[in-house]
Amino acid sequence: MTLKRYGAAGGTGTGGQHLPFARAVEADGWLYVSGQTPMENGEVIEGGIIPQSHKAIRNMLAILAEAGYESKDVVRCGVWLDDPRDFQSFNKVFAEYFGANPPARACVVSSMVVDCKVEIDCVAYRR
C-alpha cells in the first residue's frame, strides 16, 4: 500500500502556530481529510454559523479537489458544532454541497480548539 500525504509539512494555525499534521492522507483510493475550520490565511473568518459553515466546507472541498476527488466521492463526514442551536442552520448549508449525494455523517457538540462555530472532516473514496 502506498500512502500519499497532502500538506505533510503542516499548515499554519491561529497566531501563526505550526500545525503538525497533513491536510489529507490517501491510501488505496481512500482519502482522509483532516478537520477543517472556517479559516482563511491562518485566521478564523468573521460571522456566525452560516458563513463559517460555508468556509469550513469549502476548505474541505479544496483539499478534496487538490487530491483529485469530488464531493460525490465523500462517503462520511464528521461535524463538530460549538452550539447545538446551530444544527438546523448547518444542515441547510451542508445540503447545498451534498444534497444530491449525501454522505454518512456524525454531528456532535463540542468545545472548539480555535474560536469558531464549526469543524468538519471527511473520508472519500474513488477507484
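# Strands, cores and salt bridges

W30 is partly exposed, at a relative accessible area of 35%, where buried stands for under 20%, exposed for over 50% and partly exposed for the range in between (1.4 Å probe, protein chains only). The model is predicted, so that local features need pLDDT of at least 70 and side-chain atom pairs pLDDT 80 or more, whereas totals for chains, interfaces and linings use all residues. Residues are numbered from 1 along each chain as its sequence is written, and side-chain values use heavy atoms, leaving out hydrogens and water.

**Overall architecture**

The protein chain contains 2 helices and 10 strands, with helices (H or I, at least four residues) and strands (E, at least two) taken as DSSP runs numbered from the N terminus. In sequence order the elements of the protein chain read β-β-β-β-β-β-β-α-β-α-β-β. Of its 127 residues, 43% count as buried. Among the contacts (heavy atoms within 4.5 Å) in the protein chain with a separation of 6 or more, 71% come from residues 24 or more positions apart. The protein chain exposes about 7,100 Å², of which carbon and sulfur atoms supply 50%; such areas follow the Shrake-Rupley method with a 1.4 Å probe, and for residues only the protein chains shown count as cover.

**Strands 1, 4, 5 and 10**

Strand 1 (residues 3–6) runs antiparallel to strand 4 and is joined to it by 4 bridges, two strands being paired if DSSP finds at least two bridges between them. Within that pairing, K4 stands opposite E26 of strand 4. Strand 4 is also joined to strand 5 by 4 bridges, again in an antiparallel arrangement, and here V25 has Y32 of strand 5 as its bridge partner. These two strands, 4 and 5, make a hairpin with 2 residues between them, and D28 in the turn has a positive phi of about 50°. Strand 4 is covered on both faces, since A24 and E26 on one side and V25 and A27 on the other are all buried. Strand 5 in turn runs antiparallel to strand 10, with 5 bridges joining them; the bridge partner of Q36 in strand 10 is I120.

**Nonpolar cores and a surface patch**

In soluble globular proteins, nonpolar side chains tend to be buried together. A nonpolar core is here a set of buried Ala, Val, Leu, Ile, Met, Phe, Trp, Tyr and Cys residues joined through side-chain atoms within 4.5 Å. The largest such core has 25 residues, and L31 and I120 are those with the most contacts inside it. At least two residues of this core come from each of strand 5, helix 1 (49–66), strand 8 (74–81), helix 2 (87–98) and strand 10 (118–125), and helix 1 gives the most, with 6 residues. Leaving aside residues up to four places away in sequence, L31 touches Y6, A24, V25, E26, L64, A67, Y69, C122, V123 and A124. A second, separate core of 5 residues includes M39, V44, V114 and C116.

On the surface, W30, Y32 and V75 form a nonpolar patch with about 280 Å² of accessible area together. Patches consist of residues with over 30% relative accessible area and no salt bridge, with like charges joined within 9 Å and nonpolar side chains (Val, Leu, Ile, Met, Phe, Trp, Tyr) within 5 Å. W30 of this patch lies in strand 5 (residues 30–36).

**Salt bridges**

If a salt bridge is a side-chain nitrogen of Lys or Arg within 4 Å of a carboxyl oxygen of Asp or Glu, the count comes to 4. The table lists three pairs, among them two that link parts of the chain distant in sequence.

| Pair | N to O distance |
|---|---|
| R23 and E66 | 2.6 Å |
| R126 and E26 | 3.9 Å |
| D83 and R85 | 2.6 Å |

R23 sits in the loop between strand 3 (18–19) and strand 4 (24–27), and E66 belongs to helix 1, so that the pair links positions 43 residues apart. R23 counts as partly exposed at 32% relative accessibility, and E66 is partly exposed as well, with 42% relative accessible area. The salt bridge of R126 and E26 ties together parts that are 100 residues apart in sequence, because R126 lies in the segment after strand 10 and E26 in strand 4. R126 is partly exposed, with a relative accessible area of 30%, whereas E26 is buried, at 14%. In the third pair, D83 counts as buried at 15% relative accessibility, while R85 is exposed, with a relative accessible area of 70%.
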